[in-house]
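Me: I'm new to reading protein structures. Could you walk me through one, feature by feature?

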Amino acid sequence: MWTRHKAVIVVAAVVALAGLVTGVLLAFGGGQAKTTPSDTAPQLRSPFTGVPVRVLNPVLAVKIDNIVHARPQTGLTHADIVYVLPVEGGLSRFLAIFSSGYPPVVGPVRSAREDDLQVLRQFGRPAFAYSGATPALLRYIHRSARIVDLYAGTARGYYRDNSRVAPYNLYAHTGQLLAQAPGASRARDIGFRFGPPPPGGIVTGSASVSYPAASFKFTWSAAKGRWLVSMDGAAAVTTDGGPLAPATVVIQHTTVRTSRFLEYGKPPPFAESVGSGTAEVLRDGKAWMTHWSRPDAEAGTTFTTTSGQRMTFATGQIWIVLAYP
């Protein structure tokens, strides 16, 4: 009985001590659990796609061919942004922007044009992979362009795929490219906003845009929640990631003048990405007519609805087609 009595006393003492500790914690801590900065910090998201990311990675831009002999391309489904630009002959090429993730291989890599450099200025000092350029433009790029220069003539990581016809068979290992670009800018705000769609919008099953010798059609897939891309009447696919299917498509109407640098003896088109104009934004099966504005090359592009509200994009890959007026 004495042993049992001592045990009761010990238990009672422990309970009392626990109550005392709890009281002190409540008095000094307000009764609330302490939180660490990581508990309350907002989720880091890519400024290019709105998708959660662990870190903001370096920006890698790659010029990719889009002539029929270059299809299907490799690595495009991994791009955060795909710019579509006109080139000589009425054709198109892609300027693919990677940061959230990088495909192991990308291509076919083709040559730069003057308007690529204007697009790239908004990213700071991105790494730029390209196969070459005309002599005058190449000298200008080496001397004046604000990029980490990954010209195929001097950078490592490029190779030819002999199963394809040259010059549509140049590919690059992105890991080797990035290893040569330690000073490349990281992803930053370039004007895009993400979130629920603004009021309005017109239900749209598909939208089309064309250059003199190239055409694109974007068809809404409710099942995938994406816009399926067709090029020149055929479904667009890649060698490594299935169909091309962005979450948001921007058909950005702009001035298309001629470049200062000749291609095959003639000036190629130069699609202005600085300035202002109208743009059709496709997301969630609807279309919004918007106004775009990029006041200078250092700035990003803002998109506003007809009511003056900022246009929001759906999270995921974005295609921007620089289209004729």
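Me: Which residues touch the most other members of the largest nonpolar core?
Reply: The general idea comes first: in soluble globular proteins, nonpolar side chains tend to be buried together. This model is a predicted one. Its largest nonpolar core has 41 residues, and those touching the most other members are Val62, Phe94, Leu150, Tyr158, Phe216, Phe218 and Trp319.

Me: What is Leu150 in contact with, leaving aside its neighbours within four places in sequence?
Reply: Leu150 is in contact with Leu60, Ala127, Phe128, Ala129, Tyr130, Ala155, Tyr158, Leu177 and Gln180. Apart from the largest core lies another core, of 38 residues, which includes Leu117, Tyr130, Val281 and Leu322.

Me: Now the strands. In what sense do E11 and E12 pair, and over how many bridges?
Reply: Strand E11 covers residues 214-221 and strand E12 covers residues 226-231; they pair in the antiparallel sense over six bridges. To find your place in this pair, look for Lys217, which stands opposite Ser230 in E12. Four residues lie between the strands of this hairpin, where Gly225 takes a positive phi near 65 degrees.

Me: Which residue of E13 does Ser230 stand opposite?
Reply: Ser230 stands opposite Ala235 in E13. Strand E13, residues 234-235, pairs with E12 in the antiparallel sense over two bridges. E12 and E13 form a hairpin with two residues between them, and Asp232 in that turn has a positive phi of about 55 degrees.

Me: How should I think about empty space, and what lines the largest pocket?
Reply: Rolling a probe the size of a water molecule over the atoms shows where empty space is left. Here, the largest pocket holds about 240 Å³ of space. Its lining has 13 residues, with Glu114, Leu117, Gln118, Arg121 and Tyr140 nearest the centre. Helix H3 (114-120) and helix H4 (135-144) are the elements that give two or more residues to this lining, and H3 provides the largest share, four residues. By class, the lining of the pocket has seven nonpolar, two polar and four charged residues.

Me: How many cavities of 30 Å³ or more are there?
Reply: There are two. The largest cavity has a volume of about 60 Å³, and among the residues lining it are Tyr83, Phe192, Arg294 and Leu322. Its lining divides into five nonpolar, four polar and one charged. The second largest cavity has a volume of about 30 Å³, with a lining that includes Ser46, Pro47, Asp80 and Ala187. That lining has six nonpolar, four polar and one charged residues.

Notes: Residues are numbered from 1 along each chain as its sequence is written. This is a predicted model: local features need pLDDT of at least 70, side-chain atom pairs count only at pLDDT 80 or more; totals for chains, interfaces and linings use all residues. Side-chain values use heavy atoms; hydrogens and water are left out. A nonpolar core is a set of buried Ala, Val, Leu, Ile, Met, Phe, Trp, Tyr and Cys residues joined through side-chain atoms within 4.5 Å. Buried means under 20% relative accessible area, exposed over 50%, partly exposed in between (1.4 Å probe, protein chains only). Contact means heavy atoms within 4.5 Å. Two strands pair if DSSP finds at least two bridges between them. On a 1 Å grid over the protein atoms alone, a cavity is a set of points where a 1.4 Å probe fits but cannot get out, and a pocket is an open set with protein on both sides within 12 Å along at least five of seven lines; lining residues have an atom within 4 Å of a point. Grid points are joined across faces, edges and corners, and a volume is the space filled by probe spheres set on the points. Ala, Val, Leu, Ile, Met, Phe, Trp, Tyr, Cys and Pro count as nonpolar, Asp, Glu, Lys and Arg as charged, and the others, Gly among them, as polar.
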